[in-house]
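Hi! Here is the structure I promised to pass on to you. Have a look at it first, and then read my notes below.

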There are 2 protein chains.
Amino acid sequence: MAAREPEIITSKDKMRNWSRAMRAQGKTIGLVPTMGYLHKGHLSLVSEAHQHADLIVVSIYVNPGQFSTSEDLSTYPSDFHGDIQKLMSVPGRVDVVFNPYDLYDYGRVRDSKGTEKCENVGVVSCLEERGAGHETWIRVEKLEKGLCGKSRPVFFKGVATVVSKLFNIVEPDVAIFGKKDYQQWRLICRMVRDLDFAVQIIGSEITREDDGLAMSSRNVYLSPEERQKALSINRSLSKAKHAAENGQISCKSLQDSIIFAIEEAGGNVDYAEIVDQETLEVVEEIKAPVVICVAACFGKTRLIDNMEITT
Amino acid sequence: MAAREPEIITSKDKMRNWSRAMRAQGKTIGLVPTMGYLHKGHLSLVSEAHQHADLIVVSIYVNPGQFSTSEDLSTYPSDFHGDIQKLMSVPGRVDVVFNPYDLYDYGRVRDSKGTEKCENVGVVSCLEERGAGHETWIRVEKLEKGLCGKSRPVFFKGVATVVSKLFNIVEPDVAIFGKKDYQQWRLICRMVRDLDFAVQIIGSEITREDDGLAMSSRNVYLSPEERQKALSINRSLSKAKHAAENGQISCKSLQDSIIFAIEEAGGNVDYAEIVDQETLEVVEEIKAPVVICVAACFGKTRLIDNMEITT
């Protein structure tokens, strides 16, 4: 028997009404936020969601708020029909796909100067460039700074803001985030705590290809040769984890080995840092739970990966 | 018959559970956020709330997040017992007083460096100084800048953040804000729109003393002589409104008259600006709905007031 197609909802009001009607029936709701173009990593988040909630909402929305003006929002890949087919292949049912056209469309904006940029704001997203009139941003001031925050200055304020919007529209009991985007997951956890959102955040383990490469929409951009070289990320992380578990607590030494291995394979390391699992502050010696986070380019493709060490 | 005392709730969880239980019974909930030390202006907000919701929650919480380190949080006046008595005098019932001890207490914070200040953040609140581990702030980037934002750089980020927390804890259908704090009211409206909070915001008209002075907790600090002088604010605003309604559309001219009248009475004008009612952008000629906003000191007491002109 073919799986039932999920209900597709595009309006904020209909989405919230659906959630409230379901909650009134005593059902719990799990949200899996995505930007579409789904792969097995996303599908594993849906499976995880089934462990924590009665009903599952997958949001598919490419958020302009997290792209800077120099990043190309318009070429972000999408395949809505394919996504629905993939979601129907997950064991258990996806109840709703929330697929809004524009989460930042508030109707008439009276400010006639709506197209001017926000002044005195250090970082500008695509959204501000478009003059959408949106001006409220959530900043998780410490966690947004390090790791990917250095090279992507609008990314995390865009993510925190759109996730808050989704929480306020979908009103889920639980939301699932992949630990592949480790900084994003920790930042959302902190935001939920600090703003008292009544949403439980689940971090879902990284899904890997058979050869160890972390699943990512970007993997399709790798040439066969680059793909082979990119295996150096997971291999060097595994090796460092093994060394740490056998007593190597100097982060400098572990970090150097990772950078050396990736660069030797032909990668270009953006960062390889060993940080506290909660605060993401750089540590010098492994004494408490840490995570090794890596970003590296192979050709034009930037990949991220990480590995937790809980000694 | 004496009015029934409101239920006093201090825990976040109990507060949310109460709201959810009431909503499950089909009741709507109105929230009136206050910092206590209530006066007739606050009580008018409670009366207004009864027009929009079945059950009323008044929060009493002095929010450290909106005080800068140079402002003295510890001397902010409070009179909890008196507040409860006053709330019992309002026609209609206040169902709950939400009086949390510390909205920013998240239990153990693992970061051992929790006492260090947040770096690269332009403005620091009392909260950051105390090292509470809270690091998520909501910025309404344009509306927070002008008027009172100039002299109180942490105020609006503190207000937006604590109001979001209260919305997430109390989960009200409606929240009432006084138009006395005009910028705050408009900023909350914008935040609610931009973050898709399912809360209707009501702006409640300014309550004035018989002689026209806008009600404020700070009025008690005025000497009898200063109190007389302070009437120049409302008088000059009324005169400007009258002039505008009779065709005077030049804001420069209206502004000059207000500043002259207040300074002549012995006040020290911080600002007197004529701004668009929604965007709070300064206008040069009155062509659309505007509001005249004034902040002025009499002795050591800083007063604010405003008047809408909808020609």
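**What I found**

B:H39 sits in the loop between β2 (29-34) and α2 (40-50) of chain B. Helices and strands here are DSSP runs, numbered from the N terminus: H or I with at least four residues for a helix, E with at least two for a strand. A polar atom of the B:H39 side chain lies 2.9 Å from the backbone nitrogen of B:G41. Leaving out residues up to four places away in sequence, B:H39 touches B:M215, B:S216 and B:S217, where contact means heavy atoms within 4.5 Å.

Before you go further, some housekeeping: this is a predicted model, in which local features need pLDDT of at least 70 and side-chain atom pairs count only at pLDDT 80 or more, while totals for chains, interfaces and linings use all residues. Residues are numbered from 1 along each chain as its sequence is written, chains are lettered from A and ligands numbered from 1 in the order in which they are written, and side-chain values use heavy atoms, with hydrogens and water left out.

**The two chains**

How are the two copies related? A turn of 180° and a shift of 0.0 Å along the axis lay chain B on chain A with an RMSD of 0.0 Å, so the copies are related as by a two-fold rotation axis. The superposition is by least squares on the C-alpha atoms of residues with pLDDT of at least 70 in both copies. In chain B, the C-alpha nearest the axis belongs to B:I138, 2.3 Å from it. Both copies use the same surface: 100% of the contact residues of chain B recur in chain A.

A:R190 is one to click on. You'll find A:R190 in helix α7 (residues 182-194) of chain A, and at 11% relative accessibility A:R190 counts as buried. (Buried means under 20% relative accessible area, exposed over 50%, partly exposed in between, with a 1.4 Å probe and protein chains only.) Apart from neighbours within four places in sequence, A:R190 is in contact with A:V140, A:L143 and A:E278, and also with B:G133, B:E135 and B:T136.

**Helices in chain B**

Try helix α1 (residues 12-24) and helix α6 (residues 155-170) of chain B, which pack at an angle of about 55° with their axes 7 Å apart. These axes are lines fitted to C-alpha atoms, for helices over the stretch in contact, and angles run from 0 to 180 degrees between N-to-C directions. α1(B) and α6(B) are therefore oblique to each other; under 35 degrees would be roughly parallel, over 145 roughly antiparallel and 65 to 115 roughly perpendicular, with the rest oblique. On the α1(B) side, B:K12, B:M15, B:R16 and B:S19 meet B:K165, B:N168, B:I169 and B:V170 of α6(B).

Helix α3 (residues 80-88) of chain B has B:G82, B:D83, B:I84 and B:L87 as its buried residues. They pack against β1 (7-9), α2, β3 (55-60) and β4 (96-98) of chain B.

**Two positive phi values**

Which residues other than glycine have a positive phi? A:L147 is one of them, with phi near 45°. A:L147 is in the loop between β5 (136-140) and α5 (148-151) of chain A, and is buried, with a relative accessible area of 3%. B:E171, also not a glycine, has a positive phi of about 50°. B:E171 belongs to the loop between α6 and β6 (174-178) of chain B, and counts as buried at 17% relative accessibility.

Conventions. Polar contact = N/O pair within 3.5 Å; in protein donor to acceptor, adjacent residues only side chain to side chain.
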